[in-house]
Amino acid sequence: MAMAFTFPGQGSQASGMGKDLAAAYPEARAVFDEVDEALGEKLSTVIFEGPDETLTLTANAQPALMAVSMALIRVLEARGLKLEDVASHVAGHSLGEYSALCAAGMFSISDTARLLRIRGNAMQAAVPAGEGAMAAIIGLETADVEAACAEARTQGAVQIANDNGGGQLVISGLKPAVEAAAAAATAKGAKRALMLTVSAPFHSSLMQPAADAMREALSGVAKSAPVVPLIANVRATPVSDPEQIVRLLVEQVTGQVRWRETVEWFAANGVDTVVEIGAGKVLSGLARRIDRNLATLNVAGPADLDPFLAAIDGQKA
């Protein structure tokens, strides 16, 4: 089993995530306590109890999802797992890239929580509410979606934000331009073009103020080389140099999340099992749609720990 560890992005959050884990394992509880202390508030109460509308706020969802992923990592470590012994690479979807780097030792948990709070606030503040939009384009080739965006730019900025694989591309930008691009994509044969319920036009050029904020925030944070390479969102190729990773994290705010290419890179470079560490199963589903030859494993809560460790032990045996 050649594994890559992946970490989920915004949208995977759910009230109550991590609660059983924190109750059962002191290592997990310590992660949530550390995040609370770093942020100067009881984010753990929102994570465990909700309400959903508070947890879903970008500034809360981003550190919350990281906290759950890192709680799982710390429990696995306490039971003898070393990431570098079982995983050849890490990757994360958008904010999950920070979780991946924290798991691989580049950032501390406290610094990662603070970075994600800054990131969430900056992304929310970059564009006035209601001016931006995102849409999912289903069943259309990338070149045709690019062409639809190009046609719609008379209405303002719009671009591909996420290539999630399985025929799903997400576009992002000013609302009139996104609506025009969605209509153009439908005219070009898209099966569906769905406006998404989001609070800002993420991964578009309109996020430049947030990219600038992250450049400043990242410059003041302690960094170590990750114990395994990161497959970076905006390049879909491996990187290990901390300063290069920082540049790519800044670029990621306005750039495309190339998740399809990331999973294809795994499959082409010896990875046969994609492990999703954290809330939900979104990335596992995407991996199966992108390459059915890839096996997937989920570690989302206490019930997943023993089967996962047994699978690793069985492979070693």
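These points cover three helix pairs, one further helix and two buried residues in a predicted model.

1. **Helices α5 and α8.** Start with the pair formed by α5 (residues 58-78) and α8 (residues 109-125). Their axes lie 7 Å apart, at an angle of about 155°. Angles over 145 degrees count as roughly antiparallel, so α5 is roughly antiparallel to α8. The two helices make a right-handed crossing.

2. **What α5 and α8 bring to the contact.** From α5 come Thr58, Ala59, Asn60, Gln62, Pro63, Met66, Met70 and Arg74. They meet Ile109, Thr112, Ala113, Leu116, Arg117, Arg119, Gly120, Asn121, Met123 and Gln124 in α8. Sorted by class, this contact holds 8 nonpolar, 7 polar and 3 charged residues.

3. **Helices α9 and α10.** Helix α9 spans residues 142-152 and helix α10 spans residues 175-187. They pack at about 135°, with 8 Å between the axes. That angle makes α9 and α10 oblique to each other. Here too the crossing is described as right-handed.

4. **An alanine-bearing contact.** On the α10 side, the residues are Ala177, Ala180, Ala181, Ala184 and Ala185. On the α9 side, they are Ala148, Cys149, Glu151 and Ala152. The contact of α9 with α10 has 8 nonpolar residues, no polar ones and 1 charged residue.

5. **Helices α13 and α14.** The axes of α13 and α14 come within 10 Å and cross at roughly 70°. The range from 65 to 115 degrees counts as roughly perpendicular, which is why α13 and α14 are described that way. Their crossing is right-handed. Trp259, Arg260, Val263 and Glu264 in α13 meet Leu283, Leu286, Ala287 and Ile290 in α14. By class, that gives 6 nonpolar, no polar and 2 charged residues.

6. **The buried side of α14.** Helix α14 runs over residues 282-290. Its buried residues are Leu283, Ser284, Gly285, Leu286, Ala287 and Ile290. These residues pack against several elements: β1 (3-7), β4, α13 (259-268), β9 (273-277) and β10 (295-299). Leu283, Leu286, Ala287 and Ile290 are buried, and they also meet α13.

7. **Asp163.** This residue sits in strand β4 (residues 158-165). Its relative accessibility is 3%, so Asp163 counts as buried. The Asp163 side chain reaches the backbone nitrogen of Gly165 at 3.3 Å. Leaving out residues up to four places away in sequence, Asp163 touches Thr142, Gln168, Leu169, Gln256, Val257, Arg258, Trp259 and Arg260. Two of these names recur: Trp259 and Arg260 belong to the α13 side of the contact with α14. Val274 is 111 residues from Asp163 along the chain, and their C-alpha atoms are separated by 18 Å.

8. **His203.** This residue lies in a loop, between β6 (192-195) and α11 (208-219). His203 is nonetheless buried, with a relative accessible area of 3%. Its side chain reaches the backbone oxygen of Gln252 at 2.7 Å.

9. **The surroundings of His203.** Neighbours within four places in sequence are set aside here. His203 is then in contact with Ser94, Arg119, Gln159, Ile160, Ala161, Asn162, Ser172, Gln252, Val253, Thr254, Gly255 and Val257. Arg119 appears again in the α8 part of the contact with α5. Val257 is also touched by Asp163.

Notes: Residues numbered from 1 in each chain as written. Predicted model: local features only at pLDDT ≥ 70, side-chain atom pairs only at ≥ 80, totals over all residues. Heavy atoms only, no water. Axes fitted to C-alpha atoms, helices over the stretch in contact; angles between N-to-C directions. Helix = DSSP H or I, 4+ residues; strand = E, 2+ residues; numbered from the N terminus. Parallel < 35°, antiparallel > 145°, perpendicular 65-115°, else oblique. Left-handed = near helix turned anticlockwise from the far one by under 90°. Contact = heavy atoms within 4.5 Å. Nonpolar A, V, L, I, M, F, W, Y, C, P; charged D, E, K, R; others polar. Buried < 20%, exposed > 50% of the residue type's maximum accessible area, 1.4 Å probe, protein only. Polar contact = N/O pair within 3.5 Å; in protein donor to acceptor, adjacent residues only side chain to side chain.
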